[in-house]
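Work through the exercises below with the sequence and the coordinates open. Each task is followed by a solution in steps.

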Amino acid sequence: MELAEHGVWSDIKAPISTITLCRPSAGNALTPPGLTALHKSITAVGNVRDCRALVLRAEGAIFSQGLDLSSFVDSSGTPSFDIMRHYVRCLELLRDIDIPVIAVVAGKLFGGGLGFVAAADIALASDDASFSLPEVTIGMIPAMVTPFLLRRLTLAQIQYLTLSTQTLTAAQAHQAGLVDCIVTSKELEPELKRYLRRIRRSSPAAVAAAKRYLRQIEDLPFQSRLKVAE
């Protein structure tokens with residue numbers, strides 16, 4: 001099943017589904033209808049029998065800048081918290097789906113868009129990709145994506161990126177743990193195929209169980225984690 005709605009194109013099928021952000025003229029920023037389309041697509045992938053992985057990608061030079069600011073901030077500058085919660089829910093759906101989610105990043109990724117990498121299980125990036133959190137330059141903070149970024153970065157690293165607004169190269173992002181693998185643009189697709197081949201050799205039931213187990217550990221307070229480890 002193929003869908004194209006409001007900047008989100010989906011190819012939903014077994015064994016591999018793909019969701020592509022396809023609003024490159026606007027930096028793949030998501031409008032409220034785009035969020036609804038993304039939510040619907042992720043949910044649909046989760047309902048496909050024998051789907052083994054979800055690939056998340058984007059068209060254009062910017063992978064994503066997160067939310068379309070013009071669509072969720074009114075004329076007085078007040079943000080819509082309902083829209084923000086909807087965005088967070090989409091990231092939660094990506095994190096919680098029972099199949100591996102692979103983010104394939106080529107180009108720039110900044111602001112709320114970093115949430116897509118942080119919510120994914122595997123993040124592949126081309127060596128010319130870049131990553132930044134510039135929210136404070138426009139009077140905001142990266143509150144929506146920080147809980148997801150904590151899956152990959154330390155609080156100190158997030159604080160540095162937030163306050164310095166420095167841009168990480170792909171190599172720096174890999175060293176920090178934000179992405180798992182960097183290759184040349186030419187090697188990005190072959191590398192994705194190698195990961196998908198390995199995933200298809202794994203037990204779907206074990207993969208789903210592992211994701212649920214690790215998510216439970218992730219959601220526990222630190223002291224509870226220590227008790228689990230005893």
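## Exercise 1: Strand β9 and its sheet

Task: Place S132 in the secondary structure, classify S132 as buried or exposed, and describe the sheet around it.

Solution.

Step 1. S132 belongs to strand β9. The model is a predicted one.

Step 2. The relative accessible area of S132 is 11%. The cut-off for buried is under 20%, so S132 counts as buried.

Step 3. List the contacts of S132, leaving aside neighbours within four places in sequence: L109, F110, G111, L114, Q166 and T167.

Step 4. Turn to the pairing. Strand β9 covers residues 130-132 and strand β7 covers residues 108-110; the two run parallel and share three bridges. Within this pair, L109 has F131 of β9 as its bridge partner.

Step 5. Extend to the whole sheet. The order of its four strands is β5-β7-β9-β10, the sheet is open, and the pairing is mixed. At the edges are β5 (62-64) and β10 (168-169); each has a single partner strand, so one side of each lacks a neighbour in the sheet.

## Exercise 2: A hairpin with a cis peptide bond

Task: Determine how β2 and β3 pair, and find which peptide bond is cis.

Solution.

Step 1. Strand β2 spans residues 8-11 and strand β3 spans residues 16-21; their pairing is antiparallel, over four bridges. One of the bridge pairs joins S10 to I19 in β3.

Step 2. Four residues separate the two strands, and β2 and β3 make up a hairpin.

Step 3. Look at the loop between β2 and β3, where P15 lies. The peptide bond leading from A14 to P15 is cis, and its omega is near 0°.

## Exercise 3: Two pockets and a cavity

Task: Compare the linings of the two largest pockets by residue class, then describe the largest cavity.

Solution.

Step 1. The largest pocket holds about 260 Å³ of space. It has 18 lining residues, and those closest to its centre are Q65, L69, G111, G112 and E135. By class, the lining of the largest pocket contains 13 nonpolar, four polar and one charged residues.

Step 2. The second largest pocket holds about 160 Å³. Its lining consists of R95, A118, A120, D121, R151, R152, A210, K211, L214, R215 and E218. Helix α9 (residues 204-219) contributes the most to this lining, namely five residues.

Step 3. Sort the lining of the second largest pocket by class: four nonpolar, no polar and seven charged residues. Set beside this, the lining of the largest pocket has 13 nonpolar residues and one charged residue.

Step 4. Go on to enclosed space. One cavity of 30 Å³ or more is present, and the volume of the largest cavity is about 40 Å³. H6, G7, L21, R23, N28, A29, L30 and T31 line the largest cavity. This lining divides into three nonpolar, four polar and one charged residues.

## Exercise 4: Loop residues

Task: For D50 and T165, give phi, the loop and the exposure class; then place R201.

Solution.

Step 1. D50 is not a glycine, yet its phi is positive, about 70°. D50 sits in the loop between α1 (32-46) and β4 (53-58). Its relative accessibility is 57%; exposed means over 50%, so D50 counts as exposed.

Step 2. T165, also a residue other than glycine, has a positive phi near 55°. The loop that holds T165 runs between α6 (155-164) and β10. With a relative accessible area of 26%, T165 is partly exposed.

Step 3. R201 is found in the loop between α8 (188-200) and α9. At a relative accessibility of 66%, R201 is exposed.

Step 4. Relate R201 to the strand of Exercise 1. R201 and F131 lie 70 residues apart in sequence, and their C-alpha atoms are 32 Å apart in space.

## Exercise 5: Confidence

Task: State the average pLDDT of the protein chain and examine residues 225-230.

Solution.

Step 1. The average pLDDT of the protein chain is 92, and 93% of the residues score at least 70.

Step 2. Over residues 225-230, pLDDT stays under 50. For these residues the model has six contacts beyond four places in sequence.

Terms used: Residues are numbered from 1 along each chain as its sequence is written. This is a predicted model: local features need pLDDT of at least 70, side-chain atom pairs count only at pLDDT 80 or more; totals for chains, interfaces and linings use all residues. Side-chain values use heavy atoms; hydrogens and water are left out. Two strands pair if DSSP finds at least two bridges between them. Buried means under 20% relative accessible area, exposed over 50%, partly exposed in between (1.4 Å probe, protein chains only). Contact means heavy atoms within 4.5 Å. On a 1 Å grid over the protein atoms alone, a cavity is a set of points where a 1.4 Å probe fits but cannot get out, and a pocket is an open set with protein on both sides within 12 Å along at least five of seven lines; lining residues have an atom within 4 Å of a point. Grid points are joined across faces, edges and corners, and a volume is the space filled by probe spheres set on the points. Ala, Val, Leu, Ile, Met, Phe, Trp, Tyr, Cys and Pro count as nonpolar, Asp, Glu, Lys and Arg as charged, and the others, Gly among them, as polar. pLDDT is the predictor's confidence in each residue, from 0 to 100.
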